[in-house]
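Reader: I'd like to learn how to read pockets and salt bridges in a model like this one. Can you walk me through it?

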Amino acid sequence: MVKENAGLPGRAREAADNDVTVLRAAREIFAEQGWNAPVSAIAARAGVGVGSIYRRYRGKEELAQALRVWAIDHLATLARECVSNADTDEAVLKTFFSRYLTESVGPLIPVLGGRLPEHAEVTRAAAELEAALQSMVDACIDTREVPPDFTSADVMLMTVHLRPTLPIEGDRATEIHTRYLDFMLDGLRGGKPRPSSTPPSWSEWLQMWQGN
């Protein structure tokens, strides 16, 4: 698991920072170019040599697994922060997705979903993410921000729908994504269930994510 940690000493902190730089670059390149993107493109974006990536990861698959763990851990931390920092006037789910849209490059399911084998660290991270998201969803149900049949898997699938790849960059893309976030959240408010459809389960999301 890779974590940004300013408290690490000297070389350990430098190595962790380099890992994060590579993982951020990998996420950007995969979002832009898809799974077939070469490792050389990731290295160029990260500002490191290809050899340094292969010294850390045995290949693109291992790099992608580390990216999945890093991305899942980030979402779990974000969900916990949104719940712990919420007050009575704050829409928790809107805060979560607003930060997701500004802090994230985009969803990994369209690129990595179903391409990689099951991995113990990914399974561990996914279980922690489910718990964090369920805590957030429960809080949102209590405040009628979402209907009672809204699930943690709904949150993950909304990340896919809210962040498609657009042929524009920067603040304008974020502005457009946020516009549709407001429309989507308006439709969820009021706490009315959607009897015409079956909510996705966490295991269903995992199947899409892992392809198992």
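Author: Sure, and keep in mind that this is a predicted model. Let's begin with the pocket lining: helix 9 gives the largest share of the lining of the largest pocket, with four residues.

Reader: Which other helices each supply at least two residues of that lining?

Author: Besides helix 9 (170–188), look at helix 1 (10–33), helix 5 (92–103) and helix 6 (109–112). The largest pocket holds about 540 Å³ of space. It is lined by 21 residues, and the closest to its centre are Val105, Arg163, Thr165, Leu166 and Ile168.

Reader: What is the lining of the largest pocket like by class?

Author: Count 11 nonpolar, six polar and four charged residues.

Reader: Now salt bridges. What's the general idea?

Author: Side chains of opposite charge can pair when their charged atoms come close. In this model, a search of the whole structure finds 12 salt bridges. In one of them, arginine 124 meets aspartate 73 at 3.1 Å, N to O. Arginine 124 belongs to helix 7 and aspartate 73 to helix 4, so this pair ties together parts 51 residues apart in sequence.

Reader: Is aspartate 73 buried or exposed?

Author: Aspartate 73 is buried, at 10% relative accessible area, while arginine 124 is partly exposed at 21%.

Reader: What about a pair within one helix?

Author: Try helix 9, where arginine 172 and glutamate 175 sit three residues apart, about one helical turn. Their side chains form a salt bridge of 2.9 Å, N to O. Arginine 172 is partly exposed at 47% relative accessibility, and glutamate 175 is partly exposed at 49%. Elsewhere, salt bridges with shared partners link Asp73, Glu121, Arg124 and Glu128 into one network.

Key
Residues numbered from 1 in each chain as written. Predicted model: local features only at pLDDT ≥ 70, side-chain atom pairs only at ≥ 80, totals over all residues. Heavy atoms only, no water. 1 Å grid on protein atoms, 1.4 Å probe; cavity = no way out; pocket = protein on both sides within 12 Å on 5 of 7 lines; lining within 4 Å. Points joined across faces, edges and corners; volume = space filled by probe spheres on them. Nonpolar A, V, L, I, M, F, W, Y, C, P; charged D, E, K, R; others polar. Salt bridge = Lys/Arg side-chain N within 4 Å of Asp/Glu carboxyl O. Buried < 20%, exposed > 50% of the residue type's maximum accessible area, 1.4 Å probe, protein only.
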